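Q: Please take a close look at the largest cavity, and then relate it to the other spaces and the sheets of the model. How do the residues of the lining of the largest cavity divide into nonpolar, polar and charged?

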Amino acid sequence: MRSSARTINFTLNGRSVSVNVQPHHNVVEMLQAQFALFGARESCGQGLCGCCTVLVDGRPLSGCLYLAVFLDGTEVVTVESLAPTGKLDPVQQAFIECGAFQCGYCTPGFVLMTKALLEQTSDPDDEQIRDHLSGNLCRCGAYPEIVNAVKLAARKSKAGSTG
Amino acid sequence: MKAIKPQVGHQVGRSLPRLEAREKVTGRAEYTHLMQLPGMLQAKILRSTVAHGRIKSIDTTDAKKIPGVFGVYTSDDIQTVIPDPYYGPAFHDQPILAIGKVHFVGEPVAAVLAADPHIAEQATQRIIAEYEELPAIFDEVEAAENKVLVHEELKPAGTFADLKHLKGRKGTNIALDFRLRRGDVDKGFASAAHVFEHTFRTQKVLHLALEPYASIADYREDGVTIYSGAQSPSFVRTEIARLLSWPENRVRVKVPYLGGGYGGKLYIKMEALAVALSMLARRPVKVALTMEEQFYTITKHPSTFRIKSGIDKDGKIIARKCEVWWNGGAYADVGPRLTQKSGFTASGPYDIDNVSIDSYALYTNLTPAGALRGFGIPQLVWAYESHTDMIARALKRDPVDFRKQNLLHDGRPQATGTILKNAAIEKVLDRIAERLNWKKPFDRGQGVVRRGRGLAVALKAVISPTTSVAVVNIAADGSATLYCSTVDMGQGSDTAMAQMVGEVLDMPAESVRVVPRDTDVTPYDMGTLGSRSLFHMGHAVRLAAEEARDKIAALRRELGEPEGSNAPLGDLFRKKYGMQAGNIVGTGIYKPDYIPPDSSGLTTNATPFWMVAGSGVELEVDTETGHVRITRLINVADVGKPINPKIVETQLSGASLMQLGFSMFEKMHVDGGQITNASLADYKIPAIHDVPPVMENMTVDAVQDNGPFGAKGVGELATFGVSPAIANAIDDAIGVRLTELPMTAEAVLRGLYVKNNRPLGDD
């Protein structure tokens, strides 16, 4: 497999990074191999399950389809950035309190999608939540608890920002 | 001076969040699929393109030439390190790589190793395998005719004494037939006022865990370490030790968290291949499958169930005949066990004097089938609860009243002859009916959209006999650590076990450390399967904690502490050893009593506990499109006394949603043995929009007398009743009876056309 590596520069969880990537490597492979970040993980490999979700310039993307070279010049956020000092993000806290996961494999994707939703809409209703999360799959079927967690996270985030 | 210990309070019954919750929401929880070892090679697999064929040749020349390829291997290579490379829990019938013949599309034929998985993948495409195709068999009922044989000879494992008679049997696809005869079913039919017979089928579906199968093996001369997403680490250890002719203590199996299991990751899957390749390469080897490859690994059993019931003039079921064919695919996996154990309750939760059950495990040329959240029970309930409803409707009986008239009650013998105990079947049924307001009039609608409601109840005998062992270790500062091999794959077992330790030792469950599964450290457990762990391992954990507690009490006495003293544990250790040193270790072993069935399938002790659950459904059917919208899903279960009520509720909810997918749309489409929808793009699983707007998950007030703290297993329960409850509700809405899963809009619409005497063609 002959290929020419390319150097890209981007911001990863708030830090400037520079890395050589192969043109065929996707974002998940790059994050795992070069930064030992495993929160975004490949499952279906088709961009249909959301386990590989990362935020690129604030937008959720499927890291299993998005090529690493496309990240040049962007701002990338992974689940690992949400609790930088060990204190959990309100979204993470809400997922725990609502029991919004079982095996946990899909959870980072749902957490990041929820972060992105609450950035746009501070008080989403059930329909908005479901529409926003319709591209994320949870085989354990924790969906009802996930919807509750998003609503609790909205309340927590509001309380946090006003108080 | 008398130390006052704070009152900790009960740990059992707390809705404690999962102990590993923080790891999971931060993306830090460990899964095998994500693990890396220094010097590790990645394996990619060449899979069979034909359903049944003799391997004429495998040419690996070109593949080996690709730069970066470490090696290319076939069964010839495997047999240089493992001469007899056949494995399996019930039959030793599955080769690590195909030997001589392939038996299903997708069977591993060759493997490539490379440091870069892209290179390994590319190399598999350069291997040329040629086959002489043989006739293949796909249907379970046709397979029973033995016109096409999947295997020349049956090879039962020595593990199960009751399979020994099958050893070397030739000319058959029947891996096991279970037979139960109670009373005289023919006499029953002869004296019946009404006789009903129906046939039901279920389709091929799969677990589809979001963490696909993954195993890593690191082979050294003195031992092998295996990291695996496995539900039964102890079994993996035993089986690998057998394949290598090694003592068990040279095989170490470490299991981190599982990204879903649902029965798929039981027994042995990728482990043997990873070990063999690591032996050949002398490097750590990772076999991590893609989503697509899961379709070629293990599935649920498709089934055909012919059920016949005789009803007397008063509406009592007096005879029931059950014939079940289980489509086990190309290798037995645990199918024979499933065939027998589910056979125990194939006649349902009813009190019937004359029962005949024949349950057949069949080999076919399809992806092997194994356990999937219910161990065969959902397939049986689909049939017997649809059948029961059809009888009630034909006799113009209320479906709840008809069930209540025939239900089994505690103190009565179940079909096997085992007396029913702690099985709250009627309570479960009553609660579902109550939540559905069954006695009140129900608006079925007038126009295009019609409404219906339905319910179903089920009974399962938990698998027996199985053994669990646990160790509780108290450190010198008084903190407790639990060692057990139960695998937490999302069901919350680590949390529940910690709660039991905390309950016995009077300490917060959060403070109990649960050691991740590691067969060098955590003792034997039969496997995390069949909703057995909370009961069996729960007992072992309870016993281990009690032994530790008793040893602490003995130490207090030895040290001359006054009766009733509650000096902190750390003080005791310091007093005894002069410093913070020492341990107190408690062990617990649990194995319930069991009497194997006799030649008529009868036994007075079939199971240590009965599992009981049911579901109720309200739905809408669009009569122009056949689209079904489930508006309400109620799941009710008898779990004894819940250890963690919140986790129980989410287990019920999650199990029912999984079964909703199996009921409404999931299906592996097979064409000439080829799976034509082997990806998430073409095989849909339930997503957030598929969740019914109203869901209720609840337990009935019950106690399992012989359970740990009155509890029993949960994981599979809410899968049981969902499919027939939906079918019964569809019938209630539009008078169309579906007898085959999944219940797609097309199937409903076709049913409507048939009902209106305008059947649609196949185009």
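A: In the division used here, Ala, Val, Leu, Ile, Met, Phe, Trp, Tyr, Cys and Pro count as nonpolar, while Asp, Glu, Lys and Arg are charged and the others, including Gly, are polar. The model is a predicted one. By these classes, the lining of the largest cavity has 18 nonpolar, 18 polar and five charged residues.

The cavity itself holds about 550 Å³ of space. It is lined by 41 residues, and those closest to its centre are Gln491(B), Ser531(B), Gln651(B), Val714(B) and Gly715(B). Three helices of chain B, namely H14 (493–505), H15 (533–558) and H17 (645–664), each contribute at least two residues to this lining. In the whole structure, the search returns six cavities of 30 Å³ or more.

One of these helices leads to a charged pair. After H14(B), in the loop that runs to strand E21 (513–515) of chain B, lies Glu510(B). This residue forms a salt bridge with Arg14(B), with 2.7 Å between the closest N and O atoms. Arg14(B) belongs to the segment before helix H1 (21–25) of chain B, and the two partners are 496 residues apart, so that the pair links distant parts of the chain. Over all chains, 57 salt bridges are counted.

The second largest cavity offers a comparison. Its volume is about 190 Å³. Of the 19 residues lining the second largest cavity, Tyr87(B), Gln94(B), Pro108(B), Lys269(B) and Met270(B) lie nearest its centre. Strand E5 (94–95) and helix H8 (271–281) of chain B are the elements that supply two or more residues to the lining of this second cavity. By class, the lining of the second largest cavity has 13 nonpolar, two polar and four charged residues.

The largest pocket involves both chains. It has a volume of about 1,400 Å³. Its lining comprises 50 residues, with Glu42(A), Lys44(B), Pro117(B), Ala288(B) and Thr290(B) nearest the centre. Two or more residues each come from helix H1 (27–35) of chain A and, in chain B, from E1, H4, strand E8 (128–133), strand E14 (285–288) and helix H9 (291–294). H1(A) gives the most, with six residues. The pocket lining divides into 23 nonpolar, 18 polar and nine charged residues.

Two of the pocket strands also belong to a sheet of chain B. This open sheet of eight strands, with mixed pairing, follows the order E3-E7-E1-E14-E11-E12-E13-E22. At its edges stand strand E3 (69–73) and strand E22 (517–518) of chain B, each of which pairs on one side only. Within the sheet, E12(B) (223–228) and E13(B) (251–255) run parallel and are joined by four bridges. Thr225(B) has Arg252(B) in E13(B) as its bridge partner. Helix H4 (117–124) of chain B, another contributor to the pocket lining, lies across E1 (41–47), E3 and E7 (108–114) of chain B and runs at about 25° to E1(B).

On the chain A side, the pocket helix H1(A) likewise lies across a sheet. Five strands of chain A make up an open sheet with mixed pairing, in the order E2-E1-E5-E3-E4. Strand E2 (15–21) and strand E4 (59–62) of chain A have a single partner strand each, so one side of each is left without a neighbour in the sheet. Direction ignored, neighbouring strands are turned against each other by 40° on average.

In this sheet, E1(A) (6–12) and E5(A) (75–77) pair in the parallel sense over two bridges. Thr11(A) stands opposite Glu75(A) in E5(A). H1(A) lies across E1, E2 and strand E3 (53–56) of chain A, at about 105° to E2(A). Helix H3 (107–120) of chain A also packs on the sheet, where H3(A) touches E3, E4 and E5 of chain A, and its direction makes about 30° with that of E3(A).

E3(A) and E4(A) run antiparallel, joined by four bridges. Val56(A) has Arg59(A) as its bridge partner in E4(A). The two strands form a hairpin with two residues between them, and Asp57(A) in the turn has a positive phi of about 50°.

Key. Residues are numbered from 1 along each chain as its sequence is written. Chains are lettered from A and ligands numbered from 1 in the order in which they are written. This is a predicted model: local features need pLDDT of at least 70, side-chain atom pairs count only at pLDDT 80 or more; totals for chains, interfaces and linings use all residues. Side-chain values use heavy atoms; hydrogens and water are left out. Two strands pair if DSSP finds at least two bridges between them. Contact means heavy atoms within 4.5 Å. Axes are lines fitted to C-alpha atoms, for helices over the stretch in contact, and angles run from 0 to 180 degrees between N-to-C directions. On a 1 Å grid over the protein atoms alone, a cavity is a set of points where a 1.4 Å probe fits but cannot get out, and a pocket is an open set with protein on both sides within 12 Å along at least five of seven lines; lining residues have an atom within 4 Å of a point. Grid points are joined across faces, edges and corners, and a volume is the space filled by probe spheres set on the points. A salt bridge is a side-chain nitrogen of Lys or Arg within 4 Å of a carboxyl oxygen of Asp or Glu.
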